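The following paragraphs lead through the structure shown here, from one strand pair to the overall dimensions. Keep the sequence at hand while reading.

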Amino acid sequence: MPQYWRAITLGWLAAALCAAASAQLQPESACTAAPAGGAPCIYQVDPPNWWTDMPSPMLLLYGRNLKDARVAVRGEGVSVTKTQFSANGHYAFVWLKDADSRARALRIRVETDSGSAEIPFRLEHRRPASDGFQGFSDKDVMYLIMTDRFADGDLANDPHPSQLDLPRGWHGGDFRGIQKHLDYLDQLGVTTVWMTPVYDQDGGQQDYHGYSATDMYQTDPHFGTLADLRDLADALHRRGMKLVLDTVPNHVGAAHPWATDPPMPDWFHGTRTDHLMATYEFQNLIDPHATWAQRLGVTEGWFANVLPDLNQENPEVSQYLIQNVIWWIESTGADGLRYDTFPYVGRAFWQSLDGELKTLYPRLTEVGEIFHPNPVITSFFAGGVSHGGIDTGLWTPFDFPMYFALRAALSHHDPVAGGPVRHDDMRALEEVLSEDWLYPHPERLPIFLGNHDTMRFLSQPGVTVADLKLAFALLATLRGMPQIYYGDEIAMRGGDDPDNRHDFPGGFPGATQNAFTAAGRTPEQNEVHDWVAQLLHYRRDHPALETGEQQDLLYDATAFVFVRTADLKQGCGSGSGEHELVAVNDAGQPRTLTLDLERTALTGCTEFRGEIGSTAVTNAAGSQVTLTIPAKQAVIFQAQ
Ligand SMILES: [Ca+2]
Ligand SMILES: [Ca+2]
């Protein structure tokens, strides 16, 4: 190579390197210190990367001196179609258009008469469709983990000094801690892990729960890195297990930078100093005669009067949130979503989100939190039906009415007002099940005994370990998908928040016992754990209990008897599928129950073999069967 060519090449290379070096985000402190009217400065871009073969993204740039900047992209096949700026120049919205499908690095140049800035941005190839995105269903068993309280797998990300003694402090649980205990969950019979939100909470002293995001595009460092989260997702997938991410599009944390400096004047419903306080009157959303003021109290109020309520009716807010959901799914291969505070967000947003997700992830499923005892209310939010001209598309709500019924039935405390349950005994179950016609898909309903917002099942007044075991038998056999709150399977106790969020024994430094192992568990813990494992394994081996139809044969104050089978119209006989007969006796003495089999799903059945809790006595004669169920026992029979 001639000398002068080499000099030109090196000179060009140096210039290119120099330009490349300048294409980077600046520290936030450097931008906030930049003089007004100076050169543009950029410290953050949401989303931090995107993918080809997806709807082209809207970027939100954070910085200073961005107002009315000229924005251009260096990189083939990508153009800027639109820009928009906050009046104070702290934010720029940039809409990109990606004309081809190549993964590539871009440089986004932002220029004003005072200077310019450049930032890098990557478009990646999407994950193969087989790499996650599986969706959960009634074939699964979901386990809710409060990440900070399950297991500490990385002491390096713990707070210093330790906050283990603070009931509302950060205890140090993390993604690696969950990954370390997948054997425990797998062996218990869990197939799907639902984690509380992973968003950055900026170390907020009481924000270990994850519902007060300060940056929706970062994991909280206490939980671990995005790479740690991906490792956990991959480890779950290698076992055939699934990951469900908790998704919070209703609000951000009070400490989010937007709270004092929103990207648009109507980014939130109201402002920090002038907003509605959220009401919890979901019936106002359903009542055709409610006032708009009554409805807006739910959808536009600030949760607990402190959490800034995002304005999903603003198209840019809606697009920001939808992209954010997609970003977490594509970044991790998550299989499903749990939507927080579902009724507090307008239906139109849910419909838009669902439309995008169904296109990108056709197998992904979602469950929405509608905390209410009445199926008339909870079913209103389910997908598959239009109300007010809008179908939310939601795969399923949680079965909160069944949660209330199970508690009323087994604690013998007055049922919660506002639901269909009138009894405080076994009849409460049928009172809820009889309303299943309200749901397009009652078989999808996740059923549960409690969660991170409720007193532990075992701490309700008067509830015993025997009651907990009956509740687990119902959880494993009733229609729907069982969902377990971490620690209930080892008989953990605890009152209202924060007493219901104790550390899983054995997951944290200094623990006096290790309940992850049989040897480390107390006899009582093993009794409940082994019962739950036995039920879940039996359920997995008998698909009628997962996906079968259900017919309720007998219900009174102390007994509930039902059958699960693939097709109720097929009685016993050659070629008919399995018939799982479940009988629960909540009485303090044995019950002898006689069932008439004619014109039931058990027509033609003559043999009843006890499979679980099989000390029961059966006597089939003619078209009747008599079952004797011991005191406070649940028995599963196979009928033939
Ligand atoms: Ca930790
Ligand atoms: Ca809202």
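Which residue in strand 20 stands opposite Tyr555? The model is a predicted one, and in it the residue opposite Tyr555 is Phe560. The two strands involved, strand 19 (residues 549–555) and strand 20, run antiparallel and are joined by 6 bridges. The connection between them is a hairpin of 3 residues. Strand 20 also pairs with strand 21 (residues 579–585), again in antiparallel fashion, through 7 bridges. In that pairing Arg564 faces Glu580 of strand 21. Strand 20 covers residues 559–565, and 6 of its 7 residues are buried, so the strand is largely enclosed by the rest of the structure. The cut-off behind this statement is a count of 20 or more other C-beta atoms within 10 Å of a residue's own.

A second group of strands forms an open sheet of 8 strands, in the order 16-15-14-13-10-9-18-17, and the pairing is parallel. Strand 16 (396–397) and strand 17 (446–448) are the edge strands; each has a single partner strand, so one side of each is left without a neighbour in the sheet. Inside this order, strand 10 (residues 192–195) and strand 13 (residues 242–247) run parallel and are linked by 4 bridges. One residue pair fixes the register for the eye: Trp194 has Val244 of strand 13 as its bridge partner.

Another open sheet has 4 strands in the order 2-8-7-4, and here the pairing is mixed. Its edges are strand 2 and strand 4 (70–74), each with a single partner strand, so one side of each is left without a neighbour in the sheet. Strand 7 (residues 104–112) and strand 8 (residues 115–124) run antiparallel, with 9 bridges between them. Thr112 stands opposite Gly115 of strand 8.

Among the helices, helix 8 (315–332) can be followed in some detail. How does its length compare with what its residue count predicts? At 1.5 Å a residue, its 18 residues should span 26 Å, and the end C-alpha atoms are 26 Å apart, which agrees. The buried residues of helix 8 include Val317, Tyr320, Leu321, Ile322, Val325, Ile326, Trp328 and Ile329. Gln323, Glu330, Ser331 and Thr332 are also among the buried residues of this helix. What do the buried residues of helix 8 pack against? Their partners are strand 2, strand 3 (58–64), helix 5 (226–238), strand 13 and helix 9 (347–360). Two of these elements have appeared above: strand 2 in the order 2-8-7-4, and strand 13 in the order 16-15-14-13-10-9-18-17. Just after helix 8, Gly333 takes a positive phi of about 75°.

The loop before helix 8 holds two residues with a backbone angle worth checking. Ala304 lies in the loop between helix 7 (292–299) and helix 8; its phi is positive, about 55°, although it is not a glycine. Asn305 is found in the loop between helix 7 and helix 8 as well, and its phi is about 65°, again positive in a residue that is not a glycine. Are these residues buried or exposed? Ala304 is exposed, with 10 other C-beta atoms within 10 Å. Asn305 counts as exposed too, with 10 C-beta neighbours inside 10 Å.

Cis peptide bonds are the next backbone feature to look at. One joins Asp46 and Pro47, with omega about -10°. Pro47 lies in the loop between strand 1 (41–46) and strand 2 (50–51). Another cis peptide bond joins Asp497 and Pro498, where omega is about 10°. Pro498 is in the loop between strand 18 (481–485) and helix 14 (523–541).

Finally, the whole chain. The protein has 15 helices and 26 strands. A compact globule of 640 residues would have a radius of gyration near 26 Å, and the protein has 28 Å, which agrees. Along the principal axes, the C-alpha atoms fill a box of roughly 105 × 60 × 50 Å. Buried residues account for 48% of the 640 residues. Of the contacts between residues at least 6 apart in sequence, 69% join residues at least 24 apart.

Notes:
Residues are numbered from 1 along each chain as its sequence is written. Chains are lettered from A and ligands numbered from 1 in the order in which they are written. This is a predicted model: local features need pLDDT of at least 70, side-chain atom pairs count only at pLDDT 80 or more; totals for chains, interfaces and linings use all residues. Two strands pair if DSSP finds at least two bridges between them. A residue is buried if 20 or more other C-beta atoms lie within 10 Å of its own, exposed if 12 or fewer, and partly exposed in between; C-beta atoms are placed from the backbone. The expected span of a helix is 1.5 Å times one less than its number of residues. Two residues are in contact if their C-beta atoms, placed from the backbone, lie within 7 Å. The radius of gyration is taken over C-alpha atoms; the globule rule is 2.2 Å times the number of residues to the power 0.38.
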